[in-house]
Amino acid sequence: MLLGDGTRAVHAGLPAPVPGRPFLPGPVPAAPYHLDPVAGPQPGVDGYGRTDNATYRALETAIGELEGGECVVFASGMAAVTAVLLTTLRGGDTLVLPSDGYYLTRVFAAEHLPERGVTVLTAPTSGPYPAFDGVRLLLLETPSNPGLDVCDLAGLAAAAHARGGLVAVDNTTPTPLGQRPLDHGADFSVASGTKALTGHSDLLLGYVCTRDPQLAAAIRTWRARTGAVPGPFEAWLAHRSLGTLDLRLSRQSANAAAVADVLAGHPAVRSVRWPGRPEDPAYGLAKRQMRRVPGVVTFTLADKAAVDRFLDASELVFAATSFGGLHTSADRRAQWGDAAPEGLVRFSCGIEDTADLVADLRRALDAARV
Ligand SMILES: Cc1ncc(COP(=O)(O)O)c(C=O)c1O
């Protein structure tokens, strides 16, 4: 039976019904577990919390179902991204990563990979890409954060594979309901679960999904060695939040469509990107490749002062540096050292009523213009 997104999200990773048991079992806070005093550790029996936890396992089942691969959860998105980089790259390898994607991935690569003998190349998400000869790992991020450019996953994955490389896709912004990179040929889908996946702005989480059992085993071993596991309460909260993913994304996307239209027609706005708008350069590709477009819209005001006025005048938009949450928030990216124009705002639509959000946005944009 082919199930819809809402059904898949709300049932993901739940155990078979047992009378008297809850739908989603509670968190299992445990460091050591009881061992058999004579037989000692046994395969399939939980021994220690860094490797064994029923709460992580249930969440991994849930995310794995949605991404279509085996999932390994991490303490944060950066823990997941660095696990992919450091398990796949060796001295003499080349990495290609986005010049316009999440800036800390670039910072990490520049700070830690050259000293390990890895050559780091960057390319804008919309291309052009370097030749893939000698490229061990191609890391893509689509839509890119914060510019929201889109790249052709299947085409780039085929080109990198033809030269013997692996392909990882940062799937944070779309979530697995918006895009399934493994279906497009990627070897890894890696993401921050801190954003829309869990969406309540109350936890940090990351994950890596793959269909290759050897890659999954390497990632799992890396996590066990580095200890980058999420706490059981976070894992449980994340699983609980996953049930409403379809509903949250639907409202966020609807809000983004309305917000992008208002932005595009307002004189204070110099540029706007949202791949769900037919006028957006990434629209055609996004429509073919994505299952839905997320609720993040990026726009540019004149300068920092205009953004300050905008945020000050808004009554609904929180100034905050995350996205994908229930509450609409806005982040002037240049304030973090991201190489973005001073007036660039990453605007994350929440689940507020569209009419309220649009009215607030209009007021705030009018104030930004003064
Ligand atoms: C695209 C992308 N990847 C990875 C990360 C890192 O995730 P985390 O903050 O959970 O470590 C972020 C965080 O903003 C992100 O936007």
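# Exercises on a predicted model

Leucine 148 is buried, its relative accessible area being 3%. The structure is a predicted model, and the exercises below treat selected residues and the ligand in turn.

**Exercise 1. Where does leucine 148 lie, and what is the sign of its phi?**

Step 1. Leucine 148 belongs to the loop between β4 and α5.

Step 2. Its phi is about 65°, hence positive, although leucine 148 is not a glycine. Most residues other than glycine have a negative phi.

Step 3. Buried means under 20% relative accessible area. Leucine 148 has 3%, and therefore it is buried.

**Exercise 2. Describe the position, phi and accessibility of threonine 175.**

Step 1. Threonine 175 is placed in the loop between β5 and β6.

Step 2. The phi of threonine 175 is near 65°, a positive value in a residue other than glycine.

Step 3. The relative accessible area of threonine 175 is 1%, so this residue is buried.

**Exercise 3. Which residues are closest to the ligand, and where does the ligand sit?**

Step 1. The ligand is surrounded by 13 residues, of which the closest are Gly77, Asn145, Asp170, Ser192 and Thr194.

Step 2. Sorted by class, this shell contains four nonpolar, six polar and three charged residues.

Step 3. The largest pocket is where the ligand sits.

Step 4. Two oxygen distances may be listed. From an oxygen atom of the ligand, a polar side-chain atom of asparagine 145 is 2.8 Å away. For threonine 194, a polar side-chain atom lies 2.6 Å from an oxygen atom of the ligand. Of the 390 Å² of accessible area that the ligand has on its own, the protein covers 93%.

**Exercise 4. What does the side chain of threonine 172 contact, and is the residue buried or exposed?**

Step 1. Threonine 172 is located in the loop between β5 (166-170) and β6 (188-192).

Step 2. Its relative accessibility is 8%, so threonine 172 counts as buried.

Step 3. The side chain of threonine 172 makes a polar contact of 2.5 Å with the side chain of aspartate 170. It also reaches the backbone nitrogen of serine 192, at 2.9 Å.

Step 4. On the ligand side, an N or O atom in the side chain of threonine 172 is 3.4 Å from a nitrogen atom of the ligand.

**Exercise 5. Locate the cis peptide bonds before proline 128 and proline 143.**

Step 1. The bond from glycine 127 to proline 128 is cis, with omega near 0°. Proline 128 lies in the loop between β3 (119-123) and β4 (135-141).

Step 2. Threonine 142 and proline 143 are likewise joined by a cis peptide bond, with omega about -5°. Proline 143 is found in the loop between β4 and α5 (153-162).

Step 3. As a point of reference, most peptide bonds are trans.

**Exercise 6. How are threonine 300 and leucine 344 placed with respect to serine 271?**

Step 1. Threonine 300 is part of strand β9 (residues 296-300). With a relative accessible area of 13%, threonine 300 is buried.

Step 2. The side chains of threonine 300 and serine 271 make a polar contact at 2.9 Å.

Step 3. Leucine 344 is in strand β12 (residues 344-348). Its relative accessible area is 10%, and so leucine 344 is buried.

Step 4. Leucine 344 and serine 271 are 73 residues apart in sequence, and their C-alpha atoms are 9.0 Å apart in space.

Technical notes:
Residues are numbered from 1 along each chain as its sequence is written. This is a predicted model: local features need pLDDT of at least 70, side-chain atom pairs count only at pLDDT 80 or more; totals for chains, interfaces and linings use all residues. Side-chain values use heavy atoms; hydrogens and water are left out. A residue is near a molecule or strand if one of its heavy atoms lies within 4 Å of it. A polar contact is a pair of N or O atoms within 3.5 Å; within protein, one must be able to donate a hydrogen and the other to accept it, and residues adjacent in sequence count only if both atoms are side-chain atoms. Accessible areas come from the Shrake-Rupley method with a 1.4 Å probe; for residues, only the protein chains shown count as cover. On a 1 Å grid over the protein atoms alone, a cavity is a set of points where a 1.4 Å probe fits but cannot get out, and a pocket is an open set with protein on both sides within 12 Å along at least five of seven lines; lining residues have an atom within 4 Å of a point. A molecule sits in a cavity or pocket if more than half of its atoms lie within 2 Å of its grid points. Ala, Val, Leu, Ile, Met, Phe, Trp, Tyr, Cys and Pro count as nonpolar, Asp, Glu, Lys and Arg as charged, and the others, Gly among them, as polar. Helices (H or I, at least four residues) and strands (E, at least two) are DSSP runs, numbered from the N terminus. Buried means under 20% relative accessible area, exposed over 50%, partly exposed in between (1.4 Å probe, protein chains only).
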